[in-house]
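Colleague: Before I rely on this model, could we go through its fold together, question by question?

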Amino acid sequence: MAAKGTTVKDALAKWEEKTGEKCAEATVVKLYNQIPPIEKLDNTLNKIPKCEKLCLSTNCIDKITNLGELKNLRVLSLGRNNIKAFTGLDAVGGTLEELWISYNLIEKMKGVHLMKKLRVLYMSNNLVKDWGEFSKLADLPCLVDLLFVGNPLEEKNTAEGTWVDEATKRLPGLKKLDGTPVIKQVGDEDEDG
């Protein structure tokens, strides 16, 4: 029989014991790499209302849920989980500035448009295959830093030599793509006027 996953409640209790901090007052909460892993985000997350940075990477979470009470959340780390969609992020769409969601199973970008303050999106090694899905990132007015390497779309277009040009044409506000500063070509609009 498989071991039952760690609950958010148990993970928070272990975190309090280890750090000596109280959940209710914490602004940074790190619940990554739990053994056994966290499988579900339950409503115990309402015990960390002041949290600004929540780290839940390297678990077995498959759905983003119960973020409604995290009114101050600015950075959410969900890398190395089993997440298939951006569903559930609408609750923090007005505050979230950075989303680290690499090494998951995301193929469709539905719901990404709800994160109006998102500046940084690290979503390498997911399953996005087509430009139609990628283009939904244009609905993020503040996005300046995108990590997209390891998605089928990036791999195919890097092999063809068109990745950087196509990606930056579709997302003209990017300042950094896959860890490299975006260099505007001569002839592009000169920002100095």
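Modeller: What follows is a set of questions and answers on this predicted model, from the whole chain down to single residues.

Colleague: Which order of helices and strands does the protein chain follow along its sequence?

Modeller: The secondary structure of the protein chain comes to 4 helices and 8 strands. Read along the sequence, these elements give the pattern α-β-β-β-β-β-α-β-α-α-β-β.

Colleague: What is the radius of gyration of the protein chain, and how does it stand against the globule rule?

Modeller: The C-alpha trace spans about 55 × 40 × 25 Å along its principal axes, and 41% of the 193 residues count as buried. For a chain of 193 residues the globule rule gives 16 Å, and the value for the model is close to that, so the protein chain is as compact as a globular protein of that length. The radius of gyration is 18 Å.

Colleague: Which strands stand at the edges of the sheet?

Modeller: The sheet is open, with 8 strands in the order 1-2-3-4-5-6-7-8 and mixed pairing. A strand at an edge has a single partner strand, so one side of it is left without a neighbour in the sheet. The strands in that position are strand 1 (28-30) and strand 8 (180-181).

Colleague: Which residue of strand 4 stands opposite serine 77?

Modeller: Strands of a sheet pair through backbone hydrogen bonds, either parallel or antiparallel. Here strand 3, residues 75-77, and strand 4, residues 98-100, pair in the parallel sense over 3 bridges. Opposite serine 77 in strand 4 stands tryptophan 100.

Colleague: Which residues touch the most other members of the largest nonpolar core, and which helix gives this core its largest share?

Modeller: Of the 51 residues in the largest nonpolar core, those that touch the most other members are Leu99 and Leu137. The elements that give two or more residues to this core are helix 1 (8-19), helix 2 (131-134) and helix 4 (163-170). The largest share, 4 residues, comes from helix 1.

Colleague: Which residues does leucine 99 touch, leaving out those up to four places away in sequence?

Modeller: In soluble globular proteins, nonpolar side chains tend to be buried together. Leaving out residues up to four places away in sequence, leucine 99 touches Leu76, Leu78, Phe86, Leu89, Met115, Leu118, Val120, Leu121 and Tyr122.

Colleague: Within what arc do the buried residues of helix 1 fall, seen down its axis?

Modeller: The buried residues in helix 1 are Val8, Ala11, Leu12 and Trp15, and what covers them includes strand 1. On the other side of helix 1, Lys9 and Glu17 are exposed. Seen down the axis of helix 1, the buried residues line one face of the helix, because they fall within an arc of 100°.

Colleague: How far apart are the end C-alpha atoms of helix 1?

Modeller: At 1.5 Å a residue, the 12 residues of helix 1 should span 16 Å, and the model agrees with this expectation. Just after helix 1, glycine 20 takes a positive phi of about 75°. The end C-alpha atoms of helix 1 are apart by 16 Å.

Colleague: Is threonine 44 buried or exposed, and which residues does it touch?

Modeller: Threonine 44 lies in the loop between strand 1 and strand 2. At 9% relative accessibility, under the 20% limit, threonine 44 counts as buried. Leaving out residues up to four places away in sequence, threonine 44 touches Val8, Lys9 and Leu12.

Colleague: Against which helices do the buried residues of helix 3 pack?

Modeller: In helix 3, residues 152-159, the buried residues are Leu153, Glu154 and Asn157. Seen down the axis of helix 3, these residues fall within an arc of 95°, so they line one face of the helix. They pack against helix 2 and helix 4.

Colleague: What distance separates the C-alpha atoms of lysine 50 and alanine 24?

Modeller: Lysine 50 lies in the loop between strand 1 and strand 2, and is partly exposed, with a relative accessible area of 38%. Among the residues that lysine 50 touches are Ala24, Glu25 and Asn72. Although lysine 50 and alanine 24 are 26 residues apart along the chain, their C-alpha atoms are separated by 6.7 Å.

Note on methods
Residues are numbered from 1 along each chain as its sequence is written. This is a predicted model: local features need pLDDT of at least 70, side-chain atom pairs count only at pLDDT 80 or more; totals for chains, interfaces and linings use all residues. Side-chain values use heavy atoms; hydrogens and water are left out. Two strands pair if DSSP finds at least two bridges between them. A nonpolar core is a set of buried Ala, Val, Leu, Ile, Met, Phe, Trp, Tyr and Cys residues joined through side-chain atoms within 4.5 Å. Buried means under 20% relative accessible area, exposed over 50%, partly exposed in between (1.4 Å probe, protein chains only). Contact means heavy atoms within 4.5 Å. The expected span of a helix is 1.5 Å times one less than its number of residues. The arc is that of the directions from the helix axis to the C-beta atoms. The radius of gyration is taken over C-alpha atoms; the globule rule is 2.2 Å times the number of residues to the power 0.38.
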